[in-house]
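Thanks for sharing this one. Here are some notes to read alongside the coordinates, beginning with the ligand sites.

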Amino acid sequence: MNKPIIRNYSLIDLQQWLAQYNQPPFRAKQLFHWFWKKNIQSLTEITNLPKSALNQITEQITWDIINVSTIQQSSDGTIKAAFQLYDDCFVEGVIIPSSERNTACISTQVGCPVRCKFCATGNMGFLRNLNVGEIVDQVVWLNKISLTYFQKTLTNIVVMGMGEPFLNYDFTIRALKNITSSEGMNWSKQRITLSTVGIPDKIIQFADDNVGVQLAISLHAPFQEKREQLIPLAKKYLLNDVLNSLKHYVTKTNQEVTFEYLMLKEFNDTLTDAKELLRITSHLKSKINLIPYNAVDALPYQPSSEEKILAFYEFLRKRHVNVRIRKSRGQDIAAACGQLANKLFKK
Ligand code: SAH
Ligand code: SF4
């Protein structure tokens, strides 16, 4: 039998697991502190457990720490790190520095099963979900890298790297809890944004679970038929149902939702699209991010022209939509949105 991945456990799971080795419940709290407050790399760093207890734990578990494999820096400062996982899979994380922010972009899956037609990650296929610790470790490492390269800590986190976080819901939410709780890394929820392709029941659960981090939705097309062409999963999760689940989210949490809209040449960049986008989003407390597309080799889509993007933007702005055009960073090292794909699989 495979040994359990101990950092996937909640505090209660951990207490129950320890009980079978006759270890007292308070030990779970001690371990939690070492895992999520101290972010230890090795169990040998634990100093306040009897040696016998520590040996017993060490023997019974899989320790799924991640390591930095390579670091690349773009001419615009953006950094991309490839992380090697305990089973020799790889994922990537990115740091996007700017004058007012220092944002980490983290992954939730090795590859992505959604296979959006425009996305390099989707094009690579899917290997497995990331564990709780593997998600948190990316923040820990990117923070260390940021200190080395920029002499400053991270200010924001976006869960917008490889993978669809709502297809790895439980571990992603548990990781976010460890990152934001006062027993963990104590990050402000306001400074974290999770992006999903749009899975209605998970959006509802996210609202009901009161996760509290910001939510962004990859909309990309305001018409059901067009959206299906881009996102295969959109056939199963209809646009209408996604919008209804967002209504629930906004009502329940009183938070606004961010719509991400990729600007794809001769596909979704006309004023007819802008008008429909306005119609379907205007009743929701929201903002819209227009994303210039980063072309990916072997994929059929091209970026919209600057004029088209500006016309689209102006149309929405004049109608009092909170809209902005997102700047693309790190393109020369394939660290921009949707370009993360490199070394996905075992060597
Ligand atoms: N799976 C989630 C989060 C990861 S993708 C999601 O799809 O929302 C993060 C964002 O990058 C999404 O909005 C996605 O649509 C966008 N993206 C993907 N490929 C891109 C590309 N080639 N150029 C620009 N943005 C891209
Ligand atoms: Fe997966 Fe998001 Fe890429 Fe679609 S855009 S394939 S959901 S990572």
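1. Let me start with ligand 2. The residues around ligand 2 are C112, V114, R115, C116, F118, C119, G122, G163 and V197. By class, this shell consists of six nonpolar residues, two polar ones and one charged. Please keep in mind throughout that we are looking at a predicted model.

2. Next comes ligand 1, which has 19 residues around it. Which of them come nearest? They are G163, S195, S218, H220 and N294. You will recognise G163 from the previous point, as G163 is also listed around ligand 2. The shell of ligand 1 divides into nine nonpolar, eight polar and two charged residues.

3. The polar pairs at ligand 1 deserve a look in your viewer. A polar side-chain atom of S195 sits 2.6 Å from an oxygen atom of the ligand. For H220, a side-chain N or O atom is likewise 2.6 Å from an oxygen atom of ligand 1. The side chain of E164 pairs instead with a nitrogen atom of ligand 1, with an N or O atom at 3.2 Å. As for burial, ligand 1 taken alone exposes 530 Å², and the protein buries 96% of that. Two elements, β8 (192-196) and β10 (257-263), each give two or more residues to this shell.

4. On to salt bridges: a search of the whole structure finds twelve. One to examine is the pair R7 and D64, whose closest N and O atoms are 3.1 Å apart. Why pick this pair? R7 lies in the segment before α1 (11-19), while D64 is in the loop between α3 (51-60) and β1 (67-73), so the salt bridge ties together parts that are 57 residues apart in sequence.

5. A smaller point concerns G212, found in the loop between α7 (200-208) and β9 (214-218). Beyond its neighbours within four places in sequence, G212 is in contact with K189 and Q255. M185 is 27 residues from G212 along the chain, and the C-alpha atoms of the two are separated by 15 Å.

6. Finally, a word on confidence. The chain averages a pLDDT of 95, and 97% of the residues score at least 70. Where does pLDDT stay under 50? That happens over residues 343-347. The model nevertheless has 21 contacts for that stretch beyond four places in sequence.

Technical notes: Residues numbered from 1 in each chain as written. Chains lettered and ligands numbered in written order. Predicted model: local features only at pLDDT ≥ 70, side-chain atom pairs only at ≥ 80, totals over all residues. Heavy atoms only, no water. Near = heavy atom within 4 Å. Polar contact = N/O pair within 3.5 Å; in protein donor to acceptor, adjacent residues only side chain to side chain. Areas by Shrake-Rupley, 256 points an atom, 1.4 Å probe, with all protein chains shown as cover. Helix = DSSP H or I, 4+ residues; strand = E, 2+ residues; numbered from the N terminus. Nonpolar A, V, L, I, M, F, W, Y, C, P; charged D, E, K, R; others polar. pLDDT = per-residue confidence, 0-100. Contact = heavy atoms within 4.5 Å. Salt bridge = Lys/Arg side-chain N within 4 Å of Asp/Glu carboxyl O.
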